[in-house]
Amino acid sequence: MPAVVKCPTCGKDVSWVPENKFRPFCSHRCKQIDLGAWASEKYVIGGKPDETPSPDLPADEED
Ligand SMILES: [Zn+2]
């Protein structure tokens with residue numbers, strides 16, 4: 001009897017079987033969504049900060 005896990009993306013029940021190459025995801029789409037979320041999070045941490053402007057800093061008076 002195969003184990004059943006929840007798809008991390010959509011919460012659907014997924015059978016943990018060799019036939020399911022997307023496990024623990026239910027589908028290729030959910031796998032891509034999760035990997036994309038991960039990649040963008042890493043990108044934010046290692047890259048530029050949020051685009052929200054800081055009201056305390058003058059925007060164009062640095063020069
Ligand atoms: Zn899913």
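In the predicted model, Cys 7 is buried, with a relative accessible area of 2%. This cysteine contributes its SG atom to the coordination of a zinc ion, which is also bound through the SG atoms of Cys 10, Cys 26 and Cys 30, at 2.3 Å. Along the chain, these donors follow the spacing C-x2-C-x15-C-x3-C.

The geometry of the site was then examined. The angles subtended by the four donor atoms around the zinc ion run from 103 to 119 degrees, and the arrangement is therefore tetrahedral, because four donors count as tetrahedral if all angles lie between 85 and 135 degrees. For comparison, the ideal angle for four tetrahedral donors at a metal is 109.5 degrees.

The accessibility of the other zinc-binding cysteines was considered in turn. Cys 30 is buried, since its relative accessible area of 8% falls under the limit of 20%, whereas Cys 10 counts as partly exposed at 44% relative accessibility, and Cys 26 is likewise partly exposed, with a relative accessible area of 25%. A disulfide is a covalent bond between the sulfur atoms of two cysteines; the structure holds zero disulfides.

Turning to the strands, S1 (residues 3-6) pairs with S2 (residues 13-16) in the antiparallel sense, over four bridges. Within this pairing, Ala 3 has Trp 16 of S2 as its bridge partner. Six residues lie between the two strands of the hairpin, in which Gly 11 takes a positive phi near 85 degrees.

Technical notes: Residues are numbered from 1 along each chain as its sequence is written. This is a predicted model: local features need pLDDT of at least 70, side-chain atom pairs count only at pLDDT 80 or more; totals for chains, interfaces and linings use all residues. Side-chain values use heavy atoms; hydrogens and water are left out. Donors are N, O and S atoms within 2.8 Å of the metal (3.2 Å for Na, K and Ca); water is not among the atoms, so sites may look incomplete. Four donors count as tetrahedral if all angles lie between 85 and 135 degrees; four count as square planar and six as octahedral if opposite donors are over 155 degrees apart and all others between 65 and 115; anything else is irregular. Buried means under 20% relative accessible area, exposed over 50%, partly exposed in between (1.4 Å probe, protein chains only). A disulfide is a pair of cysteine sulfur atoms within 2.5 Å. Two strands pair if DSSP finds at least two bridges between them.
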